[in-house]
Amino acid sequence: MTSNNWSLRLAHPADAEPMQAIELAASKSFLAIDGLDGLAGQPGLPVERLQSYIRKGHCLVAHVGDAMAGFLVSQPFQRDLHIWEMDVSPEFQKRGIGAGLIRASMIDARNAGFSAVTLTTFRDVPWNAPFYARLGFEEITALDAHPRLAAELALEADNGLPMDRRCAMICFLD
């Protein structure tokens with residue numbers, strides 16, 4: 001399908017399995033990144049965890065026609081909305097769907113009274129930190145001011161992610 005028409009909606013618990021399939025398909029992009037190719041094809045967020053996040057009311061899915069094209073999973077943490085995962089199916093990438101999911105999440109967060117949107121990501125992967133920076137996120141360099149994010153990065157290191165390539169990012173909402 002060559003159309004750029006797509007739509008967004010809040011995720012429903014039944015969306016968890018298709019979200020898992022999109023995460024798996026999107027992970028194959030890591031095959032092209034030196035030192036991160038081992039992430040390709042790794043299991044993503046479990047269905048039960050996805051459904052738990054979805055029930056909190058801030059997760060989004062994008063559709064092109066009847067096909068789920070992408071999703072964003074987030075969770076409230078006091079005054080922040082934290083993005084756990086955002087993926088677009090490879091056949092629907094380069095259409096603005098990922099940026100649309102992020103922007104919609106920022107609007108949702110602002111409307112819900114959050115002061116910021118946060119995430120952790122790879123600083124040197126083109127569709128990670130550079131992508132988020134173009135959307136208004138900035139890398140957090142003073143992690144002592146953000147203990148929750150510092151703890152998340154430490155957990156990621158414990159799970160084998162290379163800490164020299166990971167960072168936490170924040171977008172303050174006006």
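This tour moves through the nonpolar cores, one helix and the salt bridges of a predicted model. Residues are numbered from 1 along each chain as its sequence is written, and side-chain values use heavy atoms, without hydrogens and water. Local features need pLDDT of at least 70 and side-chain atom pairs pLDDT 80 or more, while totals for chains, interfaces and linings use all residues.

Select first Ile83, Met86, Ile97, Leu101, Ile102, Tyr132 and Phe137, the residues with the most contacts inside the largest nonpolar core, which has 28 residues. Such a core is a set of buried Ala, Val, Leu, Ile, Met, Phe, Trp, Tyr and Cys residues joined through side-chain atoms within 4.5 Å; buried means under 20% relative accessible area, exposed over 50%, and partly exposed in between (1.4 Å probe, protein chains only). Helix α3 gives the most to this core, with 6 residues. (Helices are DSSP runs of H or I, at least four residues, and strands runs of E, at least two, numbered from the N terminus.)

Next, show helix α1, residues 16-27. Its buried residues are Ala16, Met19, Ile22, Glu23, Ala26 and Ser27. They lie on the same side of α1, because they cover an arc of only 130° around the axis (taken from the directions from the axis to the C-beta atoms).

Finally, turn to the salt bridges, of which the whole structure has 5 (a side-chain nitrogen of Lys or Arg within 4 Å of a carboxyl oxygen of Asp or Glu). Select aspartate 15 and arginine 9, whose closest N and O atoms are 2.8 Å apart. Aspartate 15 is buried at 8% relative accessibility, whereas arginine 9 is partly exposed at 29%.

How values were computed:
The expected span of a helix is 1.5 Å times one less than its number of residues.
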